[in-house]
Amino acid sequence: MKVIVDLNQCADHGQCVFSAPQVFSLDADGKLAFRAQTEGDTYISGELDEAWRDDVEEAADVCPLQAIEIED
């Protein structure tokens, strides 16, 4: 499982951090930390632990801008 975030949609609301803190976190400036790892319009995570699926699905569901997708 991987997480794909459309950075054009994502507005750093941070709701995903509350649902899946093992995957999403904020940096010192209050921005989602994965932004620092990304050049371009899309963030794609590495392979994630399948045990986190429920939390990641919840993060995708609560994203106000629906910027998060899950790829199997």
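**Aromatic cluster, strand pairing and salt bridges**

In this predicted model, F24, F34 and Y43 are joined into a cluster by ring pairs. The number of aromatic pairs is two. One of them is formed by F24 and F34, whose rings meet edge-to-face, with 6.2 Å from centre to centre and 70° between the planes. Both residues belong to the loop between α1 and β2, so this pair ties together parts that are 10 residues apart in sequence. F24 and F34 are both buried. The pair of F34 and Y43 is stacked, because the ring centres are 4.5 Å apart and the planes stand at 20°, and planes under 30 degrees apart count as stacked. For F34 the relative accessible area is 6%, which places this residue among the buried ones. Y43 is also buried, at 12% relative accessibility.

The surroundings of the cluster include T38, which is found in the loop between α1 (15–19) and β2. A polar atom of the T38 side chain lies 3.0 Å from the backbone oxygen of F34. When residues up to four places away in sequence are not counted, T38 touches L7 and Y43. The relative accessible area of T38 is 16%; T38 is therefore buried, since the cut-off for this class is under 20%.

The next feature is the pairing of the strands. Strand β1 (residues 2–6) pairs with strand β2 (residues 42–44) in the antiparallel sense, over three bridges. Within this pairing, V5 stands opposite Y43 of β2. Y43 thus takes part in the ring cluster and also faces a residue across a strand pairing. Strand β1 pairs with strand β3 (residues 68–71) as well, again in the antiparallel sense and over four bridges. Here K2 has E71 of β3 as its bridge partner. In a regular strand, side chains alternate between the two faces of the sheet.

Charged side chains provide further links, and the structure contains five salt bridges. One of these joins R35 and D12, with an N to O distance of 3.1 Å. R35 is located in the loop between α1 and β2, while D12 is located in the loop between β1 and α1, so the pair ties together parts that are 23 residues apart in sequence. With a relative accessible area of 26%, R35 is partly exposed. D12 is buried, its relative accessible area being 15%.

Other salt bridges form a network that links E50, R53, E57 and D72. In the salt bridge between E50 and R53, the closest N and O atoms are 2.3 Å apart. E50 is partly exposed, with a relative accessible area of 44%, whereas R53 counts as buried at 17% relative accessibility. R53 also forms a salt bridge with D72, and the closest N and O atoms of this pair are 2.3 Å apart. Because R53 lies in helix α2 (residues 53–62) and D72 in the segment after β3, this salt bridge ties together parts that are 19 residues apart in sequence. D72 is exposed, with a relative accessible area of 74%. The salt bridge of R53 and D72 thus has a buried residue at one end and an exposed residue at the other.

Conventions: Residues are numbered from 1 along each chain as its sequence is written. This is a predicted model: local features need pLDDT of at least 70, side-chain atom pairs count only at pLDDT 80 or more; totals for chains, interfaces and linings use all residues. Side-chain values use heavy atoms; hydrogens and water are left out. Two strands pair if DSSP finds at least two bridges between them. Helices (H or I, at least four residues) and strands (E, at least two) are DSSP runs, numbered from the N terminus. Buried means under 20% relative accessible area, exposed over 50%, partly exposed in between (1.4 Å probe, protein chains only). A polar contact is a pair of N or O atoms within 3.5 Å; within protein, one must be able to donate a hydrogen and the other to accept it, and residues adjacent in sequence count only if both atoms are side-chain atoms. Contact means heavy atoms within 4.5 Å. A salt bridge is a side-chain nitrogen of Lys or Arg within 4 Å of a carboxyl oxygen of Asp or Glu. Rings of Phe, Tyr and Trp (its six-membered ring) pair if their centres lie within 6.5 Å; planes under 30 degrees apart count as stacked, over 60 as edge-to-face and the rest as tilted.
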